[in-house]
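Look at the model below and find the sheet first. Then follow the text from strand to strand and on to the helices.

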Amino acid sequence: MNEVKTPKRPLLYYSICMILLLLLFNFILLPQMSKQEVKEVDYGTFMTMTENGKLDSVQIQDNQIFFKDKKSDTIYRTGVIEDPDLVSRLHTANVKFTKEIQKETNPMLGILLSWILPIFIFFFIGSYMSKKLMNRQGGSNSMMFGMGKSNAKIYVKSSGGIKFDDVAGEDEAKENLSEIVDYLHNPDKYRKIGAAMPKGVLLVGPPGTGKTMLAKAVAGEANVPFFSMSGSEFVEMFVGMGAAKVRDLFKQAKEKAPCIVFIDEIDAIGKKRDGHFSTNDEREQTLNQLLTEMDGFEGNNGVIILAATNRPESLDPALTRPGRFDRRVPVELPDLAGREAIMRVHAKKIKIDKDVDFTQVARMASGASGAELANIVNEAALRAIREGRQMATQADLEESIEVVIAGYQKKNAILTDKEKWTVAYHEIGHALVAAKQTDSAPVQKITIIPRTSGALGYTMQVEQENRYLMTKTELENQIATLTGGRAAEEIAFGEISTGASNDIERATKLARGMVAQYGMSKDFDMVAMQNVTNQYLGGDASLDCSEETQTKIDSETIEIVRTQHEKAKQILTDNRAKLDELAKFLYEKETITGEEFMNILEA
Ligand code: ADP
Ligand code: ZN
């Protein structure tokens, strides 16, 4: 993130220097230069000297009289006294005399002080302020307040020496991008055969999967400058600034070619222009400028634009058209092997017990992104320090997974006894239903310590292998597991709580997906009724069907969830003794591992 800017001129410093110099000149040097000795005398002396004919010239001012004697060059001064005869006396003594206001200060200096200096001061303060303001706006070449020229920002960021090796996992993405590295190394090879590199490559994936890292690694591998800008930075308060920045960025990039230009969060400027009410002029101008720039340069000039987004479907089609961002590189959440590799990369930066089983930890951190894994490793190191140890251990890593995913333990949140029992039964309910359905993953660990995230309990599922497909039965079992928490409360207390809201949400989403998206319903066969948006941000779905169908979808969804809920209740009723035993264990110990769980269940 080392942004190299053109050194900013310290304008305030300059103006202060200027003012000081002027003051020095006016009040010390100038008087020194024009200094002539003035001797103060009383009025009597003046009269005597006049009468004795010693005076050469006299100058009468409003409240003082300057006079010079004939011999020396000394100037005398005396106050003015009511003296009606003075003029006739001077005349008689044959003295040159004038009544003139002697200018004490140099006239030029007066003009300087009263006119030019203030102008200078205002100019400097004004331009200083406008520079300040423009820097806040990120610097651009617009002329604010009619002054202050562009302090064009150079967007070169050091790629931090990041190489492909630093990015663990993501092999497909790396393979995809290595072609670009090769091109940057050896453009002639491509030019000879007439092949043009894509101008733009879109890195698509959930947050924290290493898209920025990959872009930096491309620059690092190819050893070229890395220009980086975030989409949201382009969209500024002042209309026109965004477009100006795009122009600026590309101008500088072209000068430095071959190079990589990285635009993070490109969706901030490249959203579909879909005639919504809140059209953002600024964004549109910025996008248009970006498109113009991309069209404006030849495919082979060595500027490669990488952009990252986690909302690819919301991008304006104009951006993804051939000749623009026509290549798409998926950067997915890491799988088990990927997670392990990422952990290992980051574990190199801390002191860690050599016996740590990274595979085990990676398995526990299922679903974590690269950024979260990096965070987990760091949290483990912090925990080791807190506990006064020299190195992080397996236990540190395991606890950190919970911290990063579920938040810190909330020390002061005291559950009432009743609440604690409820949470214990609820969590065991999930786990027991999961364990009893052969296809569901058994739990890894359950804790019922409140977390800062608001969760009262936390169940860590185990993921055994990579899954790319889910069968209908598996989906149903998952729904049953989700309803298991509520089912346990019902069976144990005959009462239900608000603790199941998240379960309900997830179960509903799965069931609705089965009906409207995966063609697993009774009535709709293989007809898609919903579109998934935000695939990488939780996958919001929007229904796309008639109202009548919508009603039917709802009732089918309800039917699926109800059936699974009943199934969960049945499982728990059949295993009531185990449910009680496990819940008691969890209530007392506050944590239960998968092993302990299975021991009790199979005993
Ligand atoms: P994105 O741009 O996809 O949101 P970043 O590239 O900013 O993600 O990644 C954030 C941090 O997560 C990185 O600085 C790095 O520490 C860690 N990280 C993410 N993915 C990986 C990976 N594949 N290998 C190593 N570290 C990773
Ligand atoms: Zn639950």
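Isoleucine 60 stands opposite lysine 99 in strand E5. This is a predicted model, so read each statement as one about a prediction. Isoleucine 60 is at the end of the range of strand E2, residues 55-60. E2 and E5 are joined by 4 bridges and run parallel.

**The five-stranded sheet**

Both strands belong to an open sheet of 5 strands. Its order is E1-E4-E3-E2-E5, and the pairing is mixed. Strands of a sheet pair through backbone hydrogen bonds, either parallel or antiparallel. Which strands stand at the edges? They are E1 (38-40) and E5 (96-99). Each has a single partner strand, so one side of each lacks a neighbour in the sheet. From one strand to the next, the twist averages 25°.

Helix H2 (residues 43-51) packs on this sheet. H2 touches E2, E3 and E4, and its direction makes about 40° with that of E3.

Now take strand E3, residues 64-69. E3 is mostly covered, with 5 of its 6 residues buried. On one side, 5 bridges join E3 to E2, and the two run antiparallel. Leucine 55 has aspartate 69 in E3 as its bridge partner. The hairpin formed by E2 and E3 has 3 residues between the strands.

E3 also pairs with strand E4 (residues 75-79). Again the strands run antiparallel, with 5 bridges. Here phenylalanine 67 has tyrosine 76 in E4 as its bridge partner. The hairpin from E3 to E4 passes through 5 residues.

**Two helices checked for length**

How does the span of a helix agree with its number of residues? The table sets out the values for two helices.

| Helix | Residues | Number of residues | Expected span | Distance between end C-alpha atoms |
|---|---|---|---|---|
| H9 | 241-256 | 16 residues | 22 Å | 22 Å |
| H13 | 336-347 | 12 residues | 16 Å | 16 Å |

The expected span for H9 rests on 1.5 Å a residue, and the end-to-end distance agrees. The same holds for H13, where 1.5 Å a residue also gives a span that agrees.

H9 has many neighbours. Its buried residues include Met241, Val246, Leu249 and Phe250. Lys245 and Asp248 are also buried in H9. The buried residues of H9 pack against strand E8 (226-230), helix H8 (231-234), strand E9 (259-264), helix H11 (281-296) and strand E10 (303-309).

H13 is mostly covered, with 9 of its 12 residues buried. Among them are Leu336, Ile342, Met343 and Val345. Arg339 and Glu340 are on the buried list of H13 too. The buried residues of H13 pack against helix H14 (358-364) and helix H15 (370-386).

**A covered strand and a helix pair**

Strand E12 covers residues 443-447. Why is E12 called largely enclosed by the rest of the structure? The reason is that 5 of its 5 residues are buried. E12 pairs with strand E16 (residues 591-593) in the antiparallel sense, over 3 bridges. Isoleucine 446 has isoleucine 592 in E16 as its bridge partner.

Next come helix H21 (residues 576-589) and helix H22 (residues 594-602). Two packed helices are described by the angle between their axes and the distance between the axes. For H21 and H22, the angle is about 145° and the axes are 10 Å apart. Their crossing is right-handed. H21 brings Lys578, Glu581, Leu582 and Phe585 to the contact, while H22 brings Glu596, Phe597, Ile600 and Leu601. These residues divide into 5 nonpolar, no polar and 3 charged.

**Two residues with positive phi**

Most residues other than glycine have a negative phi, and most peptide bonds are trans. Glutamate 590 has a positive phi near 70°, though it is not glycine. Glutamate 590 lies in the loop between H21 and E16. Its relative accessible area is 29%, so it is partly exposed.

Glutamate 265 also has a positive phi, of about 45°. Its loop runs between E9 and helix H10 (267-270). With a relative accessible area of 36%, glutamate 265 is partly exposed.

**The whole chain**

The protein chain has 22 helices and 16 strands. Of its 603 residues, 45% are buried. Among contacts between residues at least 6 apart in sequence, 72% join residues at least 24 apart.

Notes:
Residues numbered from 1 in each chain as written. Chains lettered and ligands numbered in written order. Predicted model: local features only at pLDDT ≥ 70, side-chain atom pairs only at ≥ 80, totals over all residues. Heavy atoms only, no water. Buried < 20%, exposed > 50% of the residue type's maximum accessible area, 1.4 Å probe, protein only. Pairing = 2+ DSSP bridges. Axes fitted to C-alpha atoms, helices over the stretch in contact; angles between N-to-C directions. Left-handed = near helix turned anticlockwise from the far one by under 90°. Contact = heavy atoms within 4.5 Å. Nonpolar A, V, L, I, M, F, W, Y, C, P; charged D, E, K, R; others polar. Expected span 1.5 Å × (residues − 1).
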